[in-house]
Amino acid sequence: MAIRQIIRQAKLFSASNSAAVPKGHLAVYVGETQRKRFVVPISFLSQPLFQDLLKKSEEEFGFDHPMGGLTIPCSEETFVDLTSRLNSS
C-alpha cells in the first residue's frame, strides 16, 4: 500500500514537471549525500528490483522527499547498475 502512495506522488511530481520529463517517465533523485537527477521509464515501477529501492526510500523518507520528487537513498553506482539490468531484461 505504501509503495502505491510513493508511485502516485512520483507520477504527480513528474506530471507537474512535464517539460523536463518525457511522457512515460519520471524523475528520481539518487545519492547518499549529494543527489543526482535521473529520468527513468515508469515501467520500472513494476519491477521487483526497483520496488526494493522504493521500499528503502519509504523507510528513509516516508512521504516527505527533500528534493520535491522521489528520492532514492542509494549510491549512484548501485542505481546505475540496477537500472542497466532492468533495461537489458
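So, V40. Setting aside neighbours within four places in sequence, V40 is in contact with G24, H25, L26, V28, F50 and F79. Keep in mind, everyone, that this is a predicted model.

Now zoom out to the core. The largest nonpolar core has 16 residues, and V40 is among those touching the most other members, along with V28, V30, F50, L53, I72 and F79. Which elements give two or more residues to this core? Those are strands β1 (25-30), β2 and β3 (70-72), plus helices α2 (48-61) and α3. As a bit of background, in soluble globular proteins nonpolar side chains tend to be buried together.

Okay, on to charges. How many salt bridges does the structure hold? It holds 2. One pairs E76 with K36, at 3.4 Å from N to O. E76 sits in helix α3 (residues 76-88) and K36 in strand β2 (residues 36-41), so this bridge ties together parts that are 40 residues apart in sequence. Buried or exposed, for E76? E76 is partly exposed, at 34% relative accessible area, and K36 is partly exposed too, at 40%.

Then there's R85 with D81, where the closest N and O atoms are 3.2 Å apart. That one stays inside helix α3: the two residues are 4 apart, about one turn of the helix. R85 comes out at 41% relative accessibility, which counts as partly exposed, and D81 is partly exposed at 40%.

So, to wrap up on α3: the helix gives two or more residues to the core, carries E76 of the bridge to β2, and holds both R85 and D81.

Key
Residues are numbered from 1 along each chain as its sequence is written. This is a predicted model: local features need pLDDT of at least 70, side-chain atom pairs count only at pLDDT 80 or more; totals for chains, interfaces and linings use all residues. Side-chain values use heavy atoms; hydrogens and water are left out. A salt bridge is a side-chain nitrogen of Lys or Arg within 4 Å of a carboxyl oxygen of Asp or Glu. Buried means under 20% relative accessible area, exposed over 50%, partly exposed in between (1.4 Å probe, protein chains only). A nonpolar core is a set of buried Ala, Val, Leu, Ile, Met, Phe, Trp, Tyr and Cys residues joined through side-chain atoms within 4.5 Å. Contact means heavy atoms within 4.5 Å.
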